[in-house]
Amino acid sequence: MLTTLKTYLQARPAASLSELAREVDADPDAVRGMLEHWLRKGKVRRTAGARCGGCDSCAAADIEFYEWVGERPAAPADGVAQSSGCAR
């Protein structure tokens, strides 16, 4: 699962804890624990999310974001971008 989280984060600028939990089909608290591995190594950074309009109805996991700050995989040699697989 750690490798899946790493690959997912490397493919996008940032992802919410909820997105990461869906990606690995795990509870957000369990994913938060997994992310601690990458945080300790300095490869991931927790970023502050903003509440949407200040209504306080967003789940904490929806506004807790992480970004990969370690090395990223090299771009394909032919310059063609790879799909992130994101359905949105």
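Let's start with one residue: Glu 67, which sits in strand E3. This is a predicted model, so everything I say today is computed from that prediction. Setting aside neighbours within four places in sequence, Glu 67 touches Leu 9, Pro 13, Ala 14, Lys 43, Val 44, Arg 45 and Thr 47. Take Val 44 from that list. Glu 67 and Val 44 are 23 residues apart along the chain, and their C-alpha atoms are 5.6 Å apart.

Now step back to the whole chain. How many helices and strands does the chain have? Four helices and three strands. In sequence order, the pattern reads α-β-α-α-β-α-β. The chain has 88 residues, and 30% of them count as buried. About 5,700 Å² of the chain is exposed. Carbon and sulfur atoms supply 51% of that area. What about contacts across the sequence? Look at contacts between residues at least 6 apart: 56% of them join residues at least 24 apart.

Next, helix H1. Which residues of H1 are buried? Leu 5, Tyr 8, Leu 9 and Gln 10. What do the buried residues of H1 pack against? Strand E1, helix H2, helix H3, strand E2 and strand E3.

One residue of H1 deserves a separate word: Lys 6. Its relative accessibility is 30%, so Lys 6 counts as partly exposed. Beyond its neighbours within four places in sequence, Lys 6 is in contact with Trp 38 and Trp 68. Keep those two tryptophans in mind. There is also a distance to Val 44 here. Lys 6 and Val 44 are 38 residues apart along the chain, with 8.7 Å between their C-alpha atoms.

On to how the helices pack. Two packed helices are described by the angle between their axes and the distance between the axes. Start with H1, residues 2-10, and H3, residues 28-40. They pack at an angle of about 75 degrees, and their axes are 10 Å apart. That angle makes H1 roughly perpendicular to H3. Who makes the contact? From H1, it is Leu 2, Leu 5, Lys 6 and Leu 9. From H3, it is Val 31, Met 34, Leu 35, His 37 and Trp 38. By type, the residues of this contact are seven nonpolar, one polar and one charged.

Now H2 against H3. At what angle do the axes of H2 and H3 cross? Roughly 95 degrees, and the axes come within 9 Å. So H2 is roughly perpendicular to H3. Leu 17, Leu 20, Ala 21 and Val 24 make the contact from the H2 side. Pro 28, Val 31, Arg 32 and Leu 35 make it from the H3 side. The split here is seven nonpolar, no polar and one charged. Val 31 and Leu 35 of H3 take part in the contact with H1, and they also take part in the contact with H2.

Stay with H2, residues 17-24. Why is H2 described as largely enclosed by the rest of the structure? Because six of its eight residues are buried. Those are Leu 17, Ser 18, Glu 19, Leu 20, Ala 21 and Val 24.

Just after H2 comes Asp 25. Asp 25 lies in the loop between H2 and H3. Buried or exposed? Asp 25 has 71% relative accessibility, so it counts as exposed. Its backbone stands out too: Asp 25 has a positive phi of about 50 degrees, although it is not a glycine.

Last stop: the two tryptophans. How many aromatic pairs does the count give? One. The pair is Trp 38 with Trp 68, and it is edge-to-face. Centre to centre, the rings are 5.2 Å apart, with 70 degrees between the planes. Trp 38 lies in helix H3 and Trp 68 in strand E3, so the pair ties together parts that are 30 residues apart in sequence. Both partners are worth checking for burial. Trp 38 is buried, at a relative accessible area of 12%. Trp 68 counts as buried as well, at 4% relative accessibility.

And that brings us back to strand E3, where Trp 68 lies and where Glu 67 is found.

Definitions and conventions
Residues are numbered from 1 along each chain as its sequence is written. This is a predicted model: local features need pLDDT of at least 70, side-chain atom pairs count only at pLDDT 80 or more; totals for chains, interfaces and linings use all residues. Side-chain values use heavy atoms; hydrogens and water are left out. Helices (H or I, at least four residues) and strands (E, at least two) are DSSP runs, numbered from the N terminus. Buried means under 20% relative accessible area, exposed over 50%, partly exposed in between (1.4 Å probe, protein chains only). Contact means heavy atoms within 4.5 Å. Accessible areas come from the Shrake-Rupley method with a 1.4 Å probe; for residues, only the protein chains shown count as cover. Axes are lines fitted to C-alpha atoms, for helices over the stretch in contact, and angles run from 0 to 180 degrees between N-to-C directions. Angles under 35 degrees count as roughly parallel, over 145 as roughly antiparallel, 65 to 115 as roughly perpendicular and the rest as oblique. Ala, Val, Leu, Ile, Met, Phe, Trp, Tyr, Cys and Pro count as nonpolar, Asp, Glu, Lys and Arg as charged, and the others, Gly among them, as polar. Rings of Phe, Tyr and Trp (its six-membered ring) pair if their centres lie within 6.5 Å; planes under 30 degrees apart count as stacked, over 60 as edge-to-face and the rest as tilted.
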